[in-house]
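Visitor: I am new to protein models. Could you walk me through this one, step by step?

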Amino acid sequence: MIRQKVAGKAYKECIVKRAPENAWRDIPGAHEEVVKEEKKTYTKAQIRKEIKMYRSYVKSHKRKERIDIAGKIIGMLICGMFAFLFLTPIVLTFTNSFMSPSEISSNYGAIFSTTSSGGKVYISKMVNLKFIPDIVTFHQYFTALLKSPAYLYKFWNSMIYVIPIVIFQLLIASLASYGFARYTGVIKKIIFFLYIIIMMMPYQVTLVPNFLVSQFLHIYDTRFAIWLPGFFSPFAVYLFTKFIRRIPESLFEAARIDGAGEWQIFSKICMPLCKGGLVSVAILIFIDYWNMVEQPLILLTNEELHPLSVFLSKINSGEISLAFAIAVIYMVPPLLVFMYGEEYLVEGITYQGGTKG
Amino acid sequence: MKRKNLKSLDKILFENSRRKIEEEHQTHIVNNHHVNTQKKIKQRIISWIFLLPSLIGVLLFFGAPFAVVIYYSFISNPIQHLFVGTANYYWVLRNAAFRMAAFNTLRFSAIAVPLAVVLSLMLAMVLESSIPGKSAFRSMFLSPMMVPIASVVLIWQVLFHYNGLTNRVLNVALGFTKIDWLKSKYAPIVIVILFLWKNLGYNMILFMAALSSVPVELLEAARLEKANRWQIFWSIKIHYLASTIMFVSLMSLINSFKTFREIYLMTGGYPYESLYMLQHYMNNKFNKLDYQDLSAAAILMAGVVIVVVAVLFYIEGRVGKDVENG
């Protein structure tokens, strides 16, 4: 006890030694020693050495810079080459669509030798691929749009299929993915995994099911056979759930504390925040269904109902000159959509790769 | 030595972020305990109502019919409904056309998917290294994705015809003999090129996102340690890319199945042997109303796809763990 008290009261004296350079402070009247810098004298050999070193530094720096620039140029070349390869087919389709039928058949006569324009056309043995037409004509567009309404009708068909599918799939998917993203449980996780598997199946696996169902529901050979499976496709659900999961939970919590109902949270908070996602998913759905080939071939026997994607492949051999113009017309809506929503699309793809399903 | 240093720094950063996430998780759990259970159940029910429309549709158009397909694969034919066990599978597996188709499909995927991953990763790395005109290049690479198949097929026929451009360039400029691309053993090459053309941009964007998620401090630290580009790639970036590589190969695999559309539009239902895919086989069986064989083939294909997808997901989960912390 006593010891402790003593120990508690006692102060230990401690001596702190000054650092050697501060030792002058203990001596009264002393001043800090100023170290005079000696002027160095260099010998010639030393100078030469220094210069050599300096030069080597400059050299290595320049080399690094050169490598950097070379790397950039090589990168540009690689990108340029790929860009050229990527764009050639698109540009070719565009320019070819402005050629007159005789020019097309003289250029591509060797390929599509069944061209309908009679025997007088000179057919070269090799294909001449021209980027710039001799005479720019809108003749083919004129034919495609005004003279033969079949193409325009098929184009209209494509629109009729795609637009409702985009709208309804978005609607149903946004609801479902909100359900998936909130209050997750084991059952929901399993169902979500099943959705992913369905999404990943090649179309041919679901070929018979689709056919059977459309017969069962008596929608075989009608537009509904394309529409209804499209509305419920799990693709958008998968993408959208990833979007909604990125919204911080605290935001929903705050809304609930403020007294918002589930529907209000969905429509007033979740959807506005997912605007980018909505656009990008819409674009992806649009491309997917704009390209559909298998579904109409199997579910629609009536050719009047076929979209342009199927129809275009059938006219290839016959009226090749016209096909280019129609291919361009067919290309325009997706490209317009792409130009409008490229940033959103990139964002959407980025999110796709993000958090796992 | 350098590598070791890098890795230890890596680990410290991971530890930190993991701790943060765990803390957040715990506070979250504590908060949830305050919500009373009755409300919780109500919310759960409401969330199921949100799910309902899609669930019904998917069950009706994809789920239940799939069960019918499984049923069909075990019966003799859709009229007699005799149970035949695995006989359908046996006949399908013995069928030479099926084997050829399966081999072609496998070969195509085995060639196209790795190529798509490597090339798009390369493109993404090049684009990420701050070359001028980055966004312009990005749109150029992405644009093929938007071009409708029907339009592409037309130009592809022109390019790869016996008298087409590719032969002309190869023949005149490089002195190769002419090849009938679409009607020879070289046909898959044409399709691989088409596949790459269409999908590289999409994959590239996925990789670019992954590359930009690599923390800058780590790269800076590595550069201070004088790690060269090769080392930086293999000991830092690869960790952050791993899960994306898995995802990209998954998506490429799925897209490689979709190339059937192009092949079909270009060459019809009975193309040259080397282009005869499983999808052709199924399509032709469908046209012949041979449902039981088709069902068996479909189940086999679905099984393979599910296995591959599950394996990829599993690998993704394991590899991605050290970066994403679950």
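Visitor: What makes helix α6 (residues 149–159) of chain B count as mostly covered?

Guide: Welcome! Keep in mind that this is a predicted model. A residue is buried if 20 or more other C-beta atoms lie within 10 Å of its own. In α6 of chain B, 11 of its 11 residues are buried, among them B:Ile149, B:Ser151, B:Trp156 and B:Leu159. The helix is therefore mostly covered.

Visitor: How many of the residues of chain B count as buried?

Guide: Of its 326 residues, 39% do.

Visitor: Which elements make up chain B?

Guide: Chain B has 13 helices and 0 strands. Read from the N terminus, its elements are α-α-α-α-α-α-α-α-α-α-α-α-α.

Visitor: What does chain A bring to its contact with chain B?

Guide: Chain A gives 76 residues and chain B gives 74 residues. On the side of chain A, the largest share, 14 residues, comes from helix α2 (residues 44–96). That side has 57 nonpolar, 12 polar and 7 charged residues.

Visitor: Why is A:Ile326 listed in the largest nonpolar core?

Guide: A nonpolar core joins buried residues of kinds such as Ile, Ala and Tyr through C-beta atoms within 7 Å. The largest one has 153 residues, and A:Ile326 is among those with the most contacts inside it, as are A:Ala327, A:Tyr330, B:Ala297 and B:Ala298. A:Ile326 is therefore a buried residue of a kind that the core admits. Leaving aside residues up to four places away in sequence, A:Ile326 touches A:Ala144, A:Tyr151 and A:Leu312.

Key. Residues numbered from 1 in each chain as written. Chains lettered and ligands numbered in written order. Predicted model: local features only at pLDDT ≥ 70, side-chain atom pairs only at ≥ 80, totals over all residues. Contact = placed C-beta atoms within 7 Å. Helix = DSSP H or I, 4+ residues; strand = E, 2+ residues; numbered from the N terminus. Nonpolar A, V, L, I, M, F, W, Y, C, P; charged D, E, K, R; others polar. Buried ≥ 20, exposed ≤ 12 C-beta atoms within 10 Å, placed from the backbone.
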